[in-house]
Amino acid sequence: MQQRLQKLIAAAGIASRRHAEAMITAGQVNVNGKIVTELGAKADPESDHIKVKGRLINPLLQDREKIYILLNKPRGYLSSMADPEGRPLVTELTSPALGRLYPVGRLDFNSEGLLLLTNDGDLTNIVTSAKNRIAKVYQVKVKGLPPANAIERLRRGIAIGERERTKPAEVKELKSSDANAWFEITLHEGRNQQIRRMFDAIGHSVTKLKRTQIGPLEDKRLLSGEWRSLTPVEVRRLKSASAGKTTPPLRTKEKPRGSNRRRARSRF
C-alpha cells in the first residue's frame, strides 16, 4: 500500500515527520533511484526501494516494534536528539536497548515533568497537531502576585510577540505566599516557551514549571528522571483523543512493566 514518504521515514525511526519533510525538500530522499522532492509523493515499501541519505529504509519498516515511553523529565535536560553545546539530552535517561526514540513536543531546558518519547510518527502527529487540541496541564510558580485582571488576560489569550497571540487557556490559582504564586495552567496548543512568555507579558516571570498531564496521561508516582512504558490502554486512549474533549487521566494501580526506577543525577 502506498503511503506518504514522510510517514514512512518517520515509521522507520529515521526522523520525526516534520524533519522527514525537510529531508524530502532538501533532495535527500530517493525512490527507485530517483530523487523525490515533493511532499505529497507516495511509495509502497513492499515494492519500492526507498533510500534516505543513501540508506535503504525498507528493512527498518519490516516488523518494526512501536515503543511508547513516559518520562518524568528533570530540569537540566534538553528535549532534543542532539545539541551542539553538549548539554544533557532526555534520550540519555532511557535505555539504549529501546532504539532510537524521539521526544513528542518539547519541555525547555529548565522545565520538568511528563514527556513522551516514541518511534511512532502517527502518535507524534496526534499529540502535537494543533487541530486535535490535546490538553497539556502544567504547575507553574511565578514571582510576585499577579492581579486578577492580569490572570483574566491569560485566560482570554494574550499577545506574546509580534503578530503572535495565544489561544484561551485555563488558569487556576493553587496557592500564594508573600512573594510567589502557584498556578495550574491547561493549554490546548504548544508554542515555544509559551507559558514563560505568557507570564512575562504580564510582568511576572516563571521560576518553576512542571508538566503534570498529557491528554489522559498522568503519573504522580513517577519520580524525576524515571521512565516507564505506556500500557496498551494508555496508547489506545491517546490515539483516540479527539479535538475539544477533556479526557480524564488514567490512574494506574500498579507501576507498569518496562519501568526504570533509577533517578537522574541532579544537575544543580
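## A guided tour, starting at helix α5

Select helix α5 (148-156) and look at A148, N149 and R156, which are exposed on the side away from its buried residues. Here exposed means over 50% relative accessible area, buried means under 20%, and partly exposed is in between, with a 1.4 Å probe and protein chains only. The model is a predicted one, in which local features need pLDDT of at least 70 and side-chain atom pairs count only at pLDDT 80 or more, while totals for chains, interfaces and linings use all residues. Residues are numbered from 1 along each chain as its sequence is written, and side-chain values use heavy atoms, without hydrogens and water.

**The buried face of α5**

Next, select A150, I151 and L154, the buried residues of α5. Looking down the axis of α5, one finds these buried residues within an arc of 100°, so they line one face of the helix. The arc is taken from the directions that run from the helix axis to the C-beta atoms. An α-helix has 3.6 residues a turn, so residues three or four places apart point the same way.

Add β13 (170-176), β14 and α6 to the view; they are among the elements that cover the buried residues of α5. Contact means heavy atoms within 4.5 Å. After α5 comes G157, with a positive phi near 115°.

**Before α5: L145**

Step back to L145, in the loop between β10 and α5. L145 is partly exposed, its relative accessible area being 45%. Which residues does L145 contact, leaving aside its neighbours within four places in sequence? They are S176, S177, D178, N180, A181 and H204. Then select W182: from C-alpha to C-alpha it lies 9.1 Å from L145, although 37 residues separate the two in sequence.

**The aromatic pair**

The structure holds one aromatic pair. F183 and F199 form it: their ring centres are 5.7 Å apart and their planes stand at 40°, so the pair is tilted. The pair links distant parts of the chain, with F183 in strand β14 and F199 in helix α6 (residues 194-201), 16 residues apart. Rings of Phe, Tyr and Trp (its six-membered ring) count as a pair when their centres lie within 6.5 Å; planes under 30 degrees apart are stacked, over 60 edge-to-face, and the rest tilted.

Are these two rings buried or exposed? F183 is buried at 2% relative accessible area, and F199 is buried at 0%.

**Helix α7**

Move to helix α7 (residues 232-239) and select its buried residues E234, V235 and L238. Their arc around the axis is only 100°, which puts them on the same side of α7. The face turned away from that buried side carries P232 and R236, both exposed. The cover over the buried residues of α7 includes β7 (68-73), β9 (112-118), α4 (121-128), β15 (206-214) and β16 (227-229).

**The second largest pocket**

Now select Q139, T212, Q213, E218 and K220, which lie nearest the centre of the second largest pocket among its 15 lining residues. The pocket has about 280 Å³ of space. Which strand gives the most to the lining? It is β15, with four residues. β9, β10 (136-143), β14 (180-187) and β15 each supply at least two residues of this lining. By class, the lining has six charged, six polar and three nonpolar residues.

On a 1 Å grid over the protein atoms alone, a pocket is an open set of points where a 1.4 Å probe fits, with protein on both sides within 12 Å along at least five of seven lines; lining residues have an atom within 4 Å of a point.

**Two loops with positive phi**

Select N32, in the loop between β2 (29-31) and β3 (34-35). N32 is not a glycine, yet its phi is positive, about 55°. N32 is partly exposed, at 44% relative accessible area.

Go on to K53, in the loop between β5 (50-52) and β6 (55-56). K53 too is no glycine and has a positive phi of about 55°; K53 is exposed, with a relative accessible area of 59%. Most residues other than glycine have a negative phi.

**The whole view**

Finally, show the entire protein: seven helices and 16 strands. Helices (H or I, at least four residues) and strands (E, at least two) are DSSP runs numbered from the N terminus. Of the 268 residues, 46% count as buried. Among contacts between residues at least 6 apart in sequence, 66% join residues at least 24 apart.

Note on methods
Grid points are joined across faces, edges and corners, and a volume is the space filled by probe spheres set on the points. Ala, Val, Leu, Ile, Met, Phe, Trp, Tyr, Cys and Pro count as nonpolar, Asp, Glu, Lys and Arg as charged, and the others, Gly among them, as polar.
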